[in-house]
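Here's a quick tour of a chain you can follow on screen. We'll start with one term, then go from the overall picture down to a few odd backbone spots.

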Amino acid sequence: MGYDGVVLESWSRWAAYGILHDPIMRSLALQFVKQLGDALHSIMSEKVSGQKLQLVYVIGPPSSEKLQPHDFGPKDLETLSKDVDGFSLMTYDFSNPHKPGPNAPLEWIQIILRILLGASANRAQNIAPKIFLGINFYGNDFSLSKDSSGGAIIGRDYLALLEKHRPALEWDKNSGEHLFFYTADKDIKHVVFYPSLKSISLRLEEARSWGCGISIWEIGQGLDYFFDLL
C-alpha cells in the first residue's frame with residue numbers, strides 16, 4: 001500500500017499474557033522484533049528513493065525505578081536499537097478513574113527518561129534520537145465521587161465543558177498541567193485535566209533537552225492551535 005513501514009505494539013499484550021515473565025519466551029519476543037526490523041530494512045520504499053521500510057516499536061513506561069520482568073528497560077532498548085528505527089514511548093495515562101489526577105506529570109516523564117537513557121552518556125547520545133516522547137492531545141474528565149467514573153475527553157468535549165460551566169483554569173506546578181473543577185448533575189464534583197500550550201511547551205522542551213523526538217496521541221484529538229507549537 002505504499003506505506004513507510006510498520007508501527008508495532010505488542011509489549012503490553014505480551015506482558016498481559018505472562019510471556020515476559022518467562023526468560024526464554026522474553027528472549028524470543030525480543031528476537032521477533034529484531035527479525036521484523038531486519039526484514040523491513042531489506043525492502044526499499046516505493047515512495048521515497050533510497051529509503052528502506054522502517055519499524056517503529058511502541059513501548060510503555062517502566063512501572064517503577066526498580067524494573068520488573070515485564071518492564072521494557074534500558075537493556076531492551078539497547079538490544080533492539082540497531083533493528084528498530086524509533087520507539088514510541090507512551091508517557092501518558094498516568095492517572096485513571098480510580099486514581100484521578102494529571103495525565104502525564106512532568107516529573108514522572110523525567111524519571112522515565114532517566115531510567116531509559118540516563119545511566120550512560122553513550123546511550124543517551126546514540127539512542128535518544130530514536131525515542132519518541134509520547135504527548136497526549138486528549139485529556140481526562142474524572143468524577144470525584146465514590147463511583148470513580150470518568151475518562152478520556154477530546155477537544156470538542158473540552159470546549160463544550162468550558163462553554164457550559166465557565167470554570168476557572170488552574171495551573172498545577174507539580175505536574176505541569178492545567179486543570180479545572182466543575183459540578184455536574186446531582187452535585188457531583190468533577191476535575192478535568194486537558195493539555196494547554198504551556199503544558200505541551202514544557203514537554204517539547206523536555207524532549208529537546210534529551211535529544212528525543214515526539215509521538216502524539218493523537219493528532220485529531222487536540223485543539224487547532226496546538227499545532228502552532230509544532
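A word on naming before we dig in: helices (H or I, at least four residues) and strands (E, at least two) are DSSP runs, numbered from the N terminus. With that in hand, Phe227 sits in the segment after β10 (213-217). Keep in mind that this is a predicted model.

**The whole chain**
- The protein chain has seven helices and ten strands.
- Its C-alpha atoms fit a box of roughly 60 × 40 × 35 Å along the principal axes.
- Out of 230 residues, 44% count as buried.
- Among contacts with a separation of 6 or more, 66% link residues 24 or more positions apart.
- Accessible surface adds up to about 12,600 Å², and carbon and sulfur atoms own 53% of that.

**Helix α7**
- Helix α7 covers residues 197-210; at 1.5 Å a residue, its 14 residues should span 20 Å, and the end C-alpha atoms are indeed 20 Å apart, so the two agree.
- Which residues of α7 are buried? They are Ser199, Ile200, Arg203, Leu204, Glu206 and Ala207.
- Those buried residues take up an arc of only 155° around the axis, which means they lie on the same side of α7.
- Turned away from that buried side is a face of α7 carrying the exposed residues Arg208 and Ser209.
- The cover over the buried residues of α7 includes α4 (106-117), β4 (131-136), β7 (170-172), β8 (177-183) and β10.
- Just after α7 comes Gly211, with a positive phi of about 80°.

**Helix α6**
- Gly155, Tyr158 and Leu161 are the buried residues of α6, the helix at residues 155-165.
- They span an arc of only 130° around the axis, so they too end up on the same side of α6.
- Look at the other side of α6 and you'll find Arg156, Glu163 and Lys164 exposed.
- Elements covering the buried residues of α6 include β5 (139-143), β6 (150-153), β8 and β9 (189-194).
- Following α6 is Arg166, whose phi is positive, near 45°.

**Backbone oddities**
- As background, most residues other than glycine have a negative phi, and most peptide bonds are trans.
- Lys186 is not a glycine, yet its phi is positive, at about 60°.
- You'll find Lys186 in the loop between β8 and β9. Is Lys186 buried or exposed? Its relative accessible area is 79%, so it counts as exposed.
- Asp187 isn't a glycine either, and its phi is positive at about 55°.
- Asp187 is in the loop between β8 and β9, and its 69% relative accessibility makes it exposed.
- Where does a cis peptide bond turn up? One joins Trp217 and Glu218, with omega at about -20°.
- Glu218 belongs to the segment after β10.

**A nonpolar patch on the surface**
- Ile214, Ile219, Phe227 and Leu230 make up a nonpolar surface patch, with about 350 Å² of accessible area together.
- Why does Phe227 count as partly exposed? Its relative accessibility is 38%, and partly exposed is what lies between buried, under 20%, and exposed, over 50%.
- Phe227 and Glu218 can be viewed together: Phe227 lies in the segment after β10, and Glu218 lies in the segment after β10 as well.

Methods: Residues are numbered from 1 along each chain as its sequence is written. This is a predicted model: local features need pLDDT of at least 70, side-chain atom pairs count only at pLDDT 80 or more; totals for chains, interfaces and linings use all residues. Side-chain values use heavy atoms; hydrogens and water are left out. Patches are made of residues with over 30% relative accessible area and no salt bridge: like charges are joined within 9 Å, nonpolar side chains (Val, Leu, Ile, Met, Phe, Trp, Tyr) within 5 Å. Accessible areas come from the Shrake-Rupley method with a 1.4 Å probe; for residues, only the protein chains shown count as cover. A salt bridge is a side-chain nitrogen of Lys or Arg within 4 Å of a carboxyl oxygen of Asp or Glu. Buried means under 20% relative accessible area, exposed over 50%, partly exposed in between (1.4 Å probe, protein chains only). The expected span of a helix is 1.5 Å times one less than its number of residues. The arc is that of the directions from the helix axis to the C-beta atoms. Contact means heavy atoms within 4.5 Å.
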